[in-house]
Amino acid sequence: MKKIGITLFTLLLSALVMAGCGTGQTAGNQDDGAVIDSIKTIGDAMALDSEDAQMGFYEDAVVYVFSIGDTYYRAKATLSPEISDELWTLDILEDDYEEKRDALIAALAIDEIENLNDQILDPDEMDALSGKTGEELLDGGWYCTGYNLETMEFWMNYGPFCYTVVFNGSVPEEEYADFNDTEDLKDMTVKSVTYYALGDATDVA
């Protein structure tokens, strides 16, 4: 399924700040279940007004990510060709873009809602990555979204979440400008991996 666009309500990764984040995410509770059971349409999910909500569009689907407490959920709904065409004729620069967009998708019936917290790597899984090469991570579906070469910290997405990956070694300051996070990571080895934040959770390709 080809992804043709995305809107992020909160760009957590660009801010590089996530107070209180850790692997202590909960898998949800009975109260969450009652709320989830009440969500039937994309509009229902949007009405929760989740601060870290994300929305992504594909040719035939809309994906909406939201949170209830510390638990992240991903809802998917089918887009008809007609609604898809209308969405992509909207001008994102217009003041009423979001109003028109939401009017088109609010009534869409949700096909499925999944608990994303189940996909957060546990401490043992993160510890097991120590010693692996950057190439192994990249080949395994990880990708870099930002880095600090002074501390050798790399923010890398894997699945719906972002992790702070610290690599061994160092990069000379004079090479910072030419650093290529795809090629130059390959021979580096992982020192540690920790959970950071929600990543691009609308990516379901």
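This section describes surface charge, salt bridges and selected loop residues in a predicted model. Residues are numbered from 1 along each chain as its sequence is written, and side-chain values use heavy atoms, with hydrogens and water left out. Because the model is predicted, local features need pLDDT of at least 70 and side-chain atom pairs count only at pLDDT 80 or more, whereas totals for chains, interfaces and linings use all residues.

On the surface, a patch of negative charge is formed by Glu 135, Glu 136, Asp 139, Glu 150, Glu 173, Glu 174, Glu 175, Asp 178, Asp 184 and Asp 187. Patches of this kind are made of residues with over 30% relative accessible area and no salt bridge, like charges being joined within 9 Å and nonpolar side chains (Val, Leu, Ile, Met, Phe, Trp, Tyr) within 5 Å. Lys and Arg count as positive and Asp and Glu as negative, while His and the chain ends are not counted; the place of a charge is taken as NZ of Lys, CZ of Arg, CG of Asp or CD of Glu. Accessible areas come from the Shrake-Rupley method with a 1.4 Å probe, and for residues only the protein chains shown count as cover. Among the members of the patch, Asp 184 lies in the loop between strand S8 (161-167) and strand S9 (190-198), helices (H or I, at least four residues) and strands (E, at least two) being DSSP runs numbered from the N terminus. Asp 184 counts as partly exposed because its relative accessibility is 34%, given that buried means under 20% relative accessible area, exposed over 50%, and partly exposed in between (1.4 Å probe, protein chains only).

The loop between S8 and S9 also holds Asp 181, which is partly exposed at 24% relative accessibility. Asp 181 and Tyr 143 are 38 residues apart in sequence, and their C-alpha atoms are 8.8 Å apart in space.

In total, 6 salt bridges are counted, a salt bridge being a side-chain nitrogen of Lys or Arg within 4 Å of a carboxyl oxygen of Asp or Glu. One of these joins the side chains of Glu 183 and Lys 186, with an N to O distance of 3.5 Å; both partners are partly exposed, Glu 183 at 47% relative accessibility and Lys 186 with a relative accessible area of 26%. Arg 74, Lys 76, Glu 112 and Glu 114 are in turn joined into one network by salt bridges that share partners. The side chain of Lys 100 meets that of Asp 96 in a salt bridge at 3.4 Å, N to O, where Lys 100 is partly exposed at 41% relative accessibility and Asp 96 is likewise partly exposed at 28%. A further salt bridge links the side chains of Arg 101 and Asp 102 at 2.9 Å, N to O; here Arg 101 is buried, with a relative accessible area of 1%, whereas Asp 102 counts as partly exposed at 22% relative accessibility.

The loop between helix H3 (42-46) and strand S2 (54-58) contains Ser 50, and Asp 49 is placed in that loop between H3 and S2 as well. Asp 49 has a positive phi of about 55° although it is not a glycine, and with a relative accessible area of 64% it is exposed. Ser 50, by contrast, counts as buried at 10% relative accessibility, and its side chain makes a polar contact of 2.8 Å with the side chain of Asp 52. A polar contact is a pair of N or O atoms within 3.5 Å; within protein, one must be able to donate a hydrogen and the other to accept it, and residues adjacent in sequence count only if both atoms are side-chain atoms.

A positive phi, near 60°, is also found in Met 152, a residue other than glycine. Met 152 is placed in the loop between strand S6 (143-148) and strand S7 (153-158), and it counts as buried because its relative accessibility is 4%.

Two other loop residues can be described through pairs separated along the chain. Leu 108, in the loop between helix H5 (97-105) and strand S5 (110-115), is buried with a relative accessible area of 10%, and its C-alpha atom is separated by 9.4 Å from that of Lys 76, 32 residues apart along the chain. Thr 133, in the loop between helix H6 (123-127) and helix H7 (134-139), is partly exposed with a relative accessible area of 23%; the C-alpha atoms of Thr 133 and Thr 189 are separated by 4.3 Å, with their positions 56 residues apart along the chain counted as the distance apart.
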